[in-house]
Amino acid sequence: MELLHSQHLNMRRRSQTPLTNLLFNSFPKSHFISQFINSHKFSKKNSLISSYFSSVQINPPEAESNSPIRKKNGSKRWDKEKLRWFSGKLRDCAENRFIEEGKMVHKEIVVSGIELDSHLWVSLINFYAKCGCLSVARQVFDEMPQRDVVSWTALISGFVGEGCGAEGIRLFREMHEEGVNPNEFTLATVLKACCLCLNLEFGKQLHGEVVKAGFFSDGHVGSALVDLYAKCGELEYAEKVCLCLPKENAVSWNSLLNGFALAGDDQRTLRLFCRMKETEMKLNKYTLCTVLKGCASSGNLKAGRIVHGMAIVSGCEDEEFFSCSLVDMYSKCGRAEDALKVFRKLKSPDIVTRSAMICCLEQQGREEEAAELFSMMMSSGLRPNQFTLTSIVSAAKELGDLRYSRCLHACVHKYGFANETLVNNALITVYIKNGSFDDGYKIFNTMSHRDLVSWNSLLAGFHDNKSSEGLRTFKKILENGFKPNMFTYISTLRSCTSLLNSEVGKQVHGQVIKQSLDSDCYVGTALIDMYVKSKCVNDAEKIVNRLNEIDLFTWTAVISGCAQADAGEKSIFYFKQMQKDGVKPNEFTLAGCLRGCSAITSVNNGKQLHSFVIKDGHVDDPFVASALVDMYGKCGCIKDAETIFEAVESHDTVLWNTIINQYAQHDQGEKAIKCFENMLNKNVPPDGVTFIGILSACSRLRMTELGKEYFHSMTDVYNIPPTIEHYACMVDILGRDGKFNEAESFINQMTLPPNNLIWETLLGACKVHGNVELGQRVAEKLFQIEPEVDSNYIMLSNIFAANGMWDDVARVRALMSSQGVKKEPGCSWVEVNGQTHVFLSQDTSHLRILEIDEKLRELERKLVSVGYVPDTEYVLRNVSEVEKREILSHHSEKLALCFSLISKDSNKTVTIFKNLRICGDCHNYMKLVSSVVNKDIVIRDAKRFHHFKEGSCSCQDYW
């Protein structure tokens, strides 16, 4: 195969600058030396020239007296010993890159007037090329009187050695045009040049030249061919060349191994490695390092450990080069501890190894160790590169230390990496993560080059930000012509989640489908989270069904999301489905499912989960413990909740809040206050949720002054701004105590505008105390704020009915009807023998309704005998007294109670759940039943728990 020929046949380049001028023009004081050259004063003994040679003395051996030394004018012949001495000195300077000494040798050659032979010319070219002075090397080459293949190879090798592959190929073409035939060293060097610039086409032409010239059997040429094909991704060609080489050598096999490793094909890498072991080739550290590279890229820890064992056997484990590869392999396989063990044995790890170690520690969540290692590296005087800085800046985002992050930013500027996109992306992330969004935004705005990662880093700052800036940033990404990736979509969907904007989320979902990312586990999890938090559970379920793979994180998002969306049954269903798939839940999954049980008050499922928690060892986890306390409390089992709380070793704010609020809900205000005091004594800081619980407890206990004291301490002592819920608690405290004037004054002085919660609370107080005038005014406000809510009409109607104002009762009922508002039907449910039974008022659909009716009549006879009289005022229909009594007797909670009593459930306590507030008649009924049948009855209505025991209720008849 012929090489490409130039159309210009006579291209021999000659410099117009003599060698002497070429030399001295490149040095300081060159004009001074040139004067002596031009005046032909070349004597070594000249003191001025001698003084110019600096402190380094170069004393070539004196020629023998009878040796003919021919200068440029032909008057003397050169001494071969002197030529060899100059060549040797230049060779030493080239090998050690002593550029200043080499230049002085060159000066001595020029000053001595010696005529250079071909070997010395090549030595000069080789010296300048290896010291990186490529332009000078080329000029020396152009001064050569006769240029052979050795000089061409030396020049080409110099350019290739400095990474100038394309220039090396150009020089080879020039050599070919001059009719100089390459030797095996030339071809091997030019093949390396093709490798550097990935010029596969020219490399294939050289392959033909190699075969034509008969150099294919040469080990250097064959290895270079294998390396070329491997690095250009032509692994099949590389393998064929390697196997066709007449003589096996480790260099070519290592090149092929390296190609497979770079391609991430660890299986072929290992198979080839096994074939090498079967041959007589000796495995060296380079071979083992290459295999380790393949193991690292694919994460094949098992194979990496096998190679590590082989290195121990072969005795190269302690070599720095191999140990650095080991650190890299263990780091990329996520084995930080193993990587550290190897790293600590290194005497002088290079910057690449240190960077790999820091990166590994950062990725494994050991940020403090990464920071310590970086500090040690800086103390040793080693200069970090952009990868080191990127890794340590990434670690800093989890440390939460803004000052440390700024110190790292200063390091970035100090070492000249302020314009590195990779480093800037990490800086944007660390500033945003540590709450300094402005600093992150400044870096983004000053970047000269922004890639998609830069935009994604900025976009990530709006995950939990309830502004539309995240969506605007996503729009800018599209406007700037970037194609969003999975990270872009995840961040955008999380912004939609924070805004509860499912409409925009659905549009983003459409883009996800277009890019075929809807089956991706991570994107799918973000979609599920967005839909469930927007209460679109059905849409979330569709995503679950389409995912190719569901990991623990996705299952947790589904289960927790369903619990938050009041779909507790689905939360439990997906938890069971996850178990069927063999995925082991973590503490967040368990906590999410327990909250699902709380939402539907499924104590039986909650107890099963509790057993799982004990078995799996998550009892002391604060998330799980809080969820357990909450579940038992909301399921009416306050004693079980109390037992869980006391069994946990350490209590955080969330756990204290949970038990305090549950005590308040169960009308155990004294215990709530005692818990609060214990919490403060243990130096656990309260938050806003704590004060909601403690203010509710003060309300139930009618401790008005203590409630006021706690309320004012929020801002005065704990610097917690009150929310609308705190204000509602204070209105309840004042209203329960009958201080309506003070309650109205308090509402007028609120820093927040009163909403429906404030007025509903005040209306409830008006009902209890029979304050008709204020109740009517408050109800009118509520009719304007939320005209569709039935409970406000019913509350006002009950106030009128309690005061015998039947015309007003009829007026409210008419208003309710004209507004199209219908009373929500009463619904109660009870769990018996692990099954939940639901009852509606006047329900006749239950399979055991006849037995329930019989129990109702039996109870009524017993209650009448002890003085029970149905309170028909709570029936708002215009029917006869007999019909009113019949309606009252079939309220949903009474049906649920009777069913529980006729069942074989041995529990002494009957727990019933109701969707509305319990009416006054049912409240009296339950008190009497608890006494007559000697059963504790717990009813959770829409507002609180009522514990009926021995004829009394924990609410003290205020609800």
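## Exercises on a predicted model

Lysine 671 and glutamate 642 form a salt bridge, with their closest N and O atoms 3.2 Å apart. Keep in mind throughout that this is a predicted model.

**Exercise 1.** Work out which parts of the chain the salt bridge between lysine 671 and glutamate 642 ties together, and sort lysine 671 into buried, partly exposed or exposed.

*Solution.*
- Step 1: find the elements. Lysine 671 sits in helix 39, while glutamate 642 belongs to helix 37 (residues 638-647).
- Step 2: look at the spacing. The pair is 29 residues apart in sequence, so it ties together two separate helices.
- Step 3: check the cover. Buried means under 20% relative accessible area, and exposed means over 50%. Lysine 671 has 36%, so it is partly exposed. Glutamate 642 has 17%, so it counts as buried.

**Exercise 2.** Now take the salt bridge between arginine 811 and aspartate 808, and say where the two residues lie.

*Solution.*
- Step 1: the N to O distance here is 3.5 Å.
- Step 2: both arginine 811 and aspartate 808 lie in helix 47 (residues 806-818), three residues apart, which is about one turn of the helix.
- Step 3: for accessibility, arginine 811 comes out at 36%, so partly exposed, and aspartate 808 at 21%, also partly exposed given the 20% limit for buried.
- Step 4: elsewhere, salt bridges with shared partners link Arg138, Asp142, Arg147, Glu167, Arg170, Glu174 and Glu178 into one network.
- Step 5: for one more pair, try lysine 739 and aspartate 737, whose side chains meet in a salt bridge at 3.6 Å, N to O. Lysine 739 is partly exposed at 29%, and aspartate 737 is partly exposed at 33%. The total count of salt bridges is 34.

**Exercise 3.** Describe helix 48: which of its residues are buried, and how are they arranged around the axis?

*Solution.*
- Step 1: get the length. Helix 48 covers residues 849-865, 17 in number, and spans 24 Å from first to last C-alpha, close to the 24 Å expected.
- Step 2: list the buried residues. They are Ile849, Ile852, Asp853, Lys855, Leu856, Leu859 and Leu863.
- Step 3: look down the axis. The buried residues of helix 48 fall within an arc of 160°, so they line one face.
- Step 4: turn to the other side of the helix, where Leu850, Glu854, Arg861 and Ser865 are exposed.
- Step 5: ask what does the covering. Strand 2 (835-840), helix 49 (881-889), helix 50 (892-902) and helix 51 (920-932) are among the elements over the buried residues.
- Step 6: see what follows. Glycine 867 comes after helix 48 and has a positive phi, near 105°.

**Exercise 4.** Place aspartate 667 and say what it is in contact with.

*Solution.*
- Step 1: aspartate 667 is in the loop between helix 38 (653-665) and helix 39 (669-681).
- Step 2: its relative accessibility is 11%, so aspartate 667 counts as buried.
- Step 3: leaving out neighbours within four places in sequence, aspartate 667 is in contact with Arg700, Arg944, Phe945, Ser954 and Cys955.
- Step 4: the side chains of aspartate 667 and serine 954 are joined by a polar contact of 3.2 Å.

**Exercise 5.** Zoom out: what share of the chain's residues count as buried?

*Solution.*
- Step 1: the protein chain has 51 helices and six strands.
- Step 2: of its 959 residues, 52% count as buried.
- Step 3: among contacts between residues at least 6 apart in sequence, 64% join residues at least 24 apart.

Methods:
Residues are numbered from 1 along each chain as its sequence is written. This is a predicted model: local features need pLDDT of at least 70, side-chain atom pairs count only at pLDDT 80 or more; totals for chains, interfaces and linings use all residues. Side-chain values use heavy atoms; hydrogens and water are left out. Helices (H or I, at least four residues) and strands (E, at least two) are DSSP runs, numbered from the N terminus. Buried means under 20% relative accessible area, exposed over 50%, partly exposed in between (1.4 Å probe, protein chains only). A polar contact is a pair of N or O atoms within 3.5 Å; within protein, one must be able to donate a hydrogen and the other to accept it, and residues adjacent in sequence count only if both atoms are side-chain atoms. Contact means heavy atoms within 4.5 Å. The expected span of a helix is 1.5 Å times one less than its number of residues. The arc is that of the directions from the helix axis to the C-beta atoms. A salt bridge is a side-chain nitrogen of Lys or Arg within 4 Å of a carboxyl oxygen of Asp or Glu.
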